[in-house]
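Biologist: I am new to this structure and would like a close look at a single part of it. Please take the ligand sites, and then add what is needed to place them in the rest of the protein.

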Amino acid sequence: MANVTVIGAQWGDEGKGKLVDWLSNRADVVVRYQGGHNAGHTLVVGDQTYKLSLLPSGVVQGKLSVIGNGVVVDPWHLMSEIETLRGQGIAITPELLVVADNACLILPIHRDLDQAREKAAINKIGTTGRGIGPAYEDKVGRRAIRVADLADREALEAKIDRLLAHHTPLRRGLGLPEVDAAALLADLLAMAPRVLEYARPAWLLLDQQIKAGRRVLFEGAQGALLDVDHGTYPYVTSSNTVAGQAAAGSGLGPKGPGYVLGIVKAYTTRVGEGPFPTELFDDVGRHLGEVGREVGTVTGRSRRCGWFDAALVRQSVALNGIAGIALTKLDVLDGLPTLKICTGYTLDGAAIGYLPAGLRAQAALAPVYEEMEGWTQTTQGARSWKDLPANAVKYVRRIEELIGAPAALVSTSPQRDDTILMRDPFHD
Ligand code: GDP
Ligand code: IMO
Ligand code: MG
């Protein structure tokens with residue numbers, strides 16, 4: 001298959017960045033198609049660590065990198081991330097980075113609104129506070145400023161008026177200071193030339209690249225359980241994170257996404273509020289958090305940790321059309337005497353094999369576990385299937401069985417090359 005789409009199959013932070021970086025080597029173009037700088041993707045290459053939030057992880061390997069129309073772009077953040085990476089020796093030029101001219105912008109008013117709502121306890125989602133939700137609201141509300149508008153002062157003026165007609169009463173209600181339209185216009189115009197350098201019709205570029213036989217790697221952000229339709233609503237992000245979005249969020253037809261590779265952590269984590277049936281509050285939970293270094297890249301919050309939930313991932317396999325998975329962080333389970341896998345739930349005493357849509361039902365699920373023996377040997381840094389202890393192999397095989405998808409890759413440390421390849425997604 002020519003193209004590969006990488007998606008998070010749980011609640012985010014599965015290790016998408018590491019896998020996208022590793023797979024970039026086999027691709028010609030890397031595309032982000034949803035989310036914004038709420039994402040935090042950590043790549044470790046030798047003694048260098050790269051932290052990406054908005055830029056496609058392909059930039060690190062010097063691949064043509066595209067920020068598609070489905071992404072919400074904070075132009076100030078974009079510039080600072082470009083500068084940070086340049087400071088680490090990564091070349092970023094308009095030949096290597098393209099920002100879709102029809103992508104919508106995140107403005108400071110969106111961040112204000114996001115943060116003010118989070119402070120009002122009744123609305124708390126535990127967002128990253130970066131304005132993602134309010135920016136998507138303005139997009140579907142047809143009042144967003146898009147990248148192309150930055151080249152057109154008149155359009156910008158009219159759009160700012162339209163935007164503020166909506167935001168001014170909201171801000172007043174939240175006790176936020178009034179926004180000065182002239183100052184916002186001046187800030188945007190001052191920023192415009194720096195962003196416009198990278199702005200192009202990304203759909204057209206991708207169409208040309210695909211026709212020329214280039215391989216495209218789509219980089220998902222967040223995870224399927226944070227999808228605005230399919231996730232644990234309302235404790236979700238504000239975009240569709242499922243693989244189908246790769247097409248709409250970059251301007252391709254439905255065959256574009258190709259092979260869907262689900263990134264699956266060998267246990268479960270989530271950041272922010274919301275239901276989490278297999279969450280642990282005991283020593284095992286602390287082990288996963290400490291050994292797995294489960295601290296958010298974007299907000300520095302500790303991630304909540306729990307056992308592997310096969311019911312959730314089985315749902316993700318269906319929602320995304322996952323062809324194979326990359327199982328990450330297997331090494332974090334090293335040394336645990338017993339491992340538990342959630343195979344389904346009970347709800348009010350009855351068995352249920354999936355995450356129901358209702359908020360109360362989601363919160364009331366009791367996990368049903370099966371137990372497996374752990375392993376005492378280390379898997380950390382293993383690069384070959386035959387280096388894995390027998391019980392680790394059993395664990396991976398049981399996961400494959402329960403979720404109904406094969407493991408194409410297994411990751412055994414943060415390092416790029418500590419990766420076991422069983423089947424190549426680009427050739428499957
Ligand atoms: P993403 O948001 O899906 O890209 O994931 P993050 O980068 O936010 O979180 C994954 C974290 O785990 C990062 O710190 C990675 O460096 C690290 N990581 C990725 N794969 C592995 C692995 O196989 N083992 C261990 N121990 N760490 C990993
Ligand atoms: P990556 O790409 C984990 C979570 C937030 C919050 C909810 C809504 O690194 O996997 P938002 O700011 O998007 O409106 O917050 O979604 N969230 C993530 N959790 N990984 C992410 O990205 C996330 N992006 C958003 O914690 O619960
Ligand atoms: Mg992350």
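Biologist: Which residue has a backbone N or O atom that lies 2.9 Å from an oxygen atom of ligand 2?

Modeller: The residue is Gly40, through its backbone. The model is predicted, so local features need pLDDT of at least 70 and side-chain atom pairs count only at pLDDT 80 or more, while totals for chains, interfaces and linings use all residues, and side-chain values use heavy atoms, without hydrogens and water. Residues are numbered from 1 along each chain as its sequence is written, and chains are lettered from A and ligands numbered from 1 in the order in which they are written.

Around ligand 2 there are 20 residues, the closest being Asp13, Lys16, His41, Thr128 and Thr237; a residue counts here if one of its heavy atoms lies within 4 Å of the molecule. Gly40 is one of the residues in polar contact with this ligand, a term for a pair of N or O atoms within 3.5 Å; within protein, one atom must be able to donate a hydrogen and the other to accept it, and residues adjacent in sequence count only if both atoms are side-chain atoms. Two side chains also reach oxygen atoms of ligand 2: an N or O atom of Thr237 at 2.6 Å, and one of Asn38 at 2.9 Å.

Gly40 also serves ligand 1, where a polar backbone atom of Gly40 is 2.7 Å from an oxygen atom of the ligand. Ligand 1 is surrounded by 18 residues, and the closest are Lys16, Gly17, Gly40, Asp331 and Ser411. The backbone of Gly15 puts a polar atom 2.8 Å from an oxygen atom of ligand 1. On a nitrogen atom of ligand 1, the partner is an N or O atom in the side chain of Asp331, at 2.7 Å.

These residues can be placed by domain. The assignment, which is automatic or from a database, gives domain 1 (4-101 + 198-248), domain 2 (104-195) and domain 3 (264-421). The C-alpha centres of domain 1 and domain 2 are 23 Å apart. Where the two meet, 27 residues of domain 1 and 22 residues of domain 2 are in contact, with heavy atoms within 4.5 Å. About 2,100 Å² is buried between them, 65% of it from carbon and sulfur atoms; buried area is the accessible area (1.4 Å probe) that two parts lose on being put together, summed over both. Val72, Trp76 and Met79 supply 30% of what domain 1 buries there, more than any other three residues.

Eight residue pairs are in polar contact across this interface, both residues at pLDDT 80 or more, but the rule finds zero salt bridges there. A salt bridge is a side-chain nitrogen of Lys or Arg within 4 Å of a carboxyl oxygen of Asp or Glu. On the domain 1 side, β6 (72-73), α2 (75-87) and β7 (97-100) each give two or more residues; helices (H or I, at least four residues) and strands (E, at least two) are DSSP runs numbered from the N terminus. The largest share, four residues, comes from α2.

Helix α2 also holds Glu83 and Arg86, three residues apart, about one turn of the helix. Their side chains meet in a salt bridge (3.1 Å, N to O). Over the whole structure, the search finds 24 salt bridges.
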